[in-house]
Amino acid sequence: MSRILSGIQPTGYLHLGNYLGAIRNWVTMQNDYECLFCIVDLHALTTPQDPQMLRQSIRTAAAVYIAAGIDPKRSIIFNQSQVTGHTQLSWLLSCLTPLGWLNRMTQFKDKAGKQKDQASLGLYAYPVLMAADILIYQATHVPVGEDQKQHLELARDIAGTFNRAYKTEFFPLPEPQILGTATRVMSLRDGLAKMSKSDPSDYSRIHLMDNADTIALKIRKAKTDPAPLPFSPKELESRPEALNLINIYAALQGKTLENVCQQFAGQSFAVFKKELTDILVATLGPITQESQNLLKDISSIDALLAEGNAKANLIAQKNIEEVHNIMGLLRP
Ligand code: AQP
């Protein structure tokens with residue numbers, strides 16, 4: 001059976017982008033794949049984290065995964081830091097990865113900005129750890145958004161290098177799982193920037209833990225332009241904020257942009273925003289509610305994670321032993 005690996009960084013509370021771009025699709029993947037859904041806490045450490053907040057974000061991410069429909073009986077939900085095979089394999093793969101490949105990674109350039117020399121080794125080596133995250137489970141498919149495509153390409157290159165160097169086919173070359181249904185959600189304050197946990201403005205994103213009033217307020221404040229809703233998506237080309245809101249509505253309703261434009265053509269954004277709020281509250285409300293219920297019992301969340309960690313460890317340890325053997329590391 002094909003195996004999927006995916007994860008989210010607990011760098012803050014999960015948001016609508018994480019839901020429409022990732023989690024919602026993971027739920028349906030459970031029908032067709034063996035799935036491992038990770039909370040990539042080690043990746044989160046590539047940017048400064050407050051320990052108390054990090055702990056809370058990890059548990060909240062686990063609660064949201066489950067509340068959104070990831071079934072811990074069918075899929076493995078776990079934290080990356082608790083499966084030591086990730087970092088073990090990361091070192092082994094880093095010894096096979098040319099610096100030139102890492103130098104090309106655009107996300108490092110974006111995140112390090114002008115202070116390249118001050119950026120951490122962890123941020124630079126992030127794509128190798130991501131390759132290890134995937135390869136340690138011999139995952140065959142990885143759902144990726146546009147911004148992670150380059151890292152997945154690198155993971156494939158590293159897998160190929162390992163296989164060639166050791167004349168083996170141990171690592172499958174992981175395929176990108178491009179989802180027609182995945183939606184790139186943009187900031188509510190800037191239609192050209194991705195909705196992101198690290199955006200300093202809380203009003204830029206809808207958290208999956210926001211209540212109905214907060215959602216209504218954020219949508220009311222969401223940037224738009226003075227024109228009414230267009231008759232066709234073509235008219236949205238130079239209206240990124242309008243496009244973003246219409247896109248969100250379309251994704252939540254399973255409609256095309258064309259359908260939504262036809263439905264609201266000529267109407268004001270005040271009317272549209274009210275409808276959008278209602279749909280957001282109806283979709284996210286049950287997830288928020290269930291997440292909050294789950295978070296009332298932290299020991300149960302921790303127990304579920306511990307169970308997932310143990311299952312992931314079983315696969316990872318077996319594979320790391322095999323990799324040690326292939327590479328000639330003696331296991332007396
Ligand atoms: N705005 C988005 N629209 C669609 N999909 C998104 N994803 C993230 N933001 C959006 C998808 O969610 C998965 C996990 O992403 P992540 O949180 O691990 O990393 P990220 O993409 O770097 O997300 P953030 O919120 O921007 O985090 P920070 O601010 O910490 O860097 C991925 O599948 C991603 O595509």
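**Ligand site, pockets and cavities**

The largest pocket is the space taken by the ligand. Strand E1 (3-8) and helix H1 (16-29) are the elements that contribute two or more residues to the shell around the ligand. The structure described here is a predicted model.

In total, 19 residues surround the ligand. Those that come closest are Thr-11, Lys-194, Ser-196, Lys-197 and Ser-198. Helix H1 provides the largest share of this shell, four residues. In terms of residue class, the shell comprises 10 polar, five charged and four nonpolar residues.

Polar side-chain atoms approach oxygen atoms of the ligand from several residues. For Lys-197, the separation between a polar side-chain atom and a ligand oxygen is 2.4 Å. For Ser-198, the corresponding value is 2.5 Å. A polar side-chain atom of Lys-111 is placed 3.2 Å from an oxygen atom of the ligand. The ligand taken alone exposes 640 Å², of which 91% is buried by the protein. Both Lys-197 and Ser-198 thus appear in the polar pairs and also among the closest residues of the shell.

The pocket that holds the ligand was next examined as a whole. The largest pocket contains about 1,400 Å³ of space. Its lining is made up of 47 residues, and Asn-18, Gly-145, Asp-147, Gln-148 and Lys-194 are the closest of these to the pocket centre. Two or more lining residues are given by each of E1, H1, helix H6 (106-112), helix H7 (121-135), strand E4 (141-143) and helix H8 (149-165). Helix H1 again supplies the largest share, here five residues of the pocket lining. The lining divides into 21 polar, 17 nonpolar and nine charged residues. Lys-194 is listed among the residues closest to the ligand and among those closest to the centre of the largest pocket.

The second largest pocket encloses about 340 Å³ of space. It is lined by 17 residues, and those nearest its centre are Ser-90, Ser-94, Leu-121, Ala-125 and Val-128. Helix H4 (85-94), helix H5 (99-103) and H7 each give two or more residues to this lining. Of these elements, H7 gives the most, with seven residues. The lining of the second largest pocket has 11 nonpolar and six polar residues, with no charged residues. Charged residues are, by contrast, present in the lining of the largest pocket, where they number nine. Helix H7 contributes to the lining of the largest pocket as well as to that of the second largest pocket.

Closed spaces were considered separately from the pockets. Two cavities of 30 Å³ or more were counted. The volume of the largest cavity is about 50 Å³. Its lining consists of Pro-72, Ser-75, Ile-76, Ile-77, Leu-304, Glu-307, Gly-308 and Lys-311. At least two of these residues are supplied by strand E3 (76-79), and at least two by helix H13 (298-327). The greatest contribution is that of H13, which gives four residues. By class, the lining of the largest cavity includes four nonpolar, two polar and two charged residues.

The second largest cavity has a volume of about 30 Å³. It is bounded by Gln-107, Phe-108, Leu-123, Tyr-126, Pro-127 and His-151. The elements that give two or more residues to this lining are H6 and H7. Helix H7 makes the greatest contribution, with three residues. Four of the lining residues are nonpolar and two are polar, and no charged residue is present. Charged residues are thus absent from the linings of the second largest pocket and the second largest cavity.

Technical notes
Residues numbered from 1 in each chain as written. Predicted model: local features only at pLDDT ≥ 70, side-chain atom pairs only at ≥ 80, totals over all residues. Heavy atoms only, no water. Near = heavy atom within 4 Å. Polar contact = N/O pair within 3.5 Å; in protein donor to acceptor, adjacent residues only side chain to side chain. Areas by Shrake-Rupley, 256 points an atom, 1.4 Å probe, with all protein chains shown as cover. 1 Å grid on protein atoms, 1.4 Å probe; cavity = no way out; pocket = protein on both sides within 12 Å on 5 of 7 lines; lining within 4 Å. Sits in = over half its atoms within 2 Å of the grid points. Nonpolar A, V, L, I, M, F, W, Y, C, P; charged D, E, K, R; others polar. Points joined across faces, edges and corners; volume = space filled by probe spheres on them.
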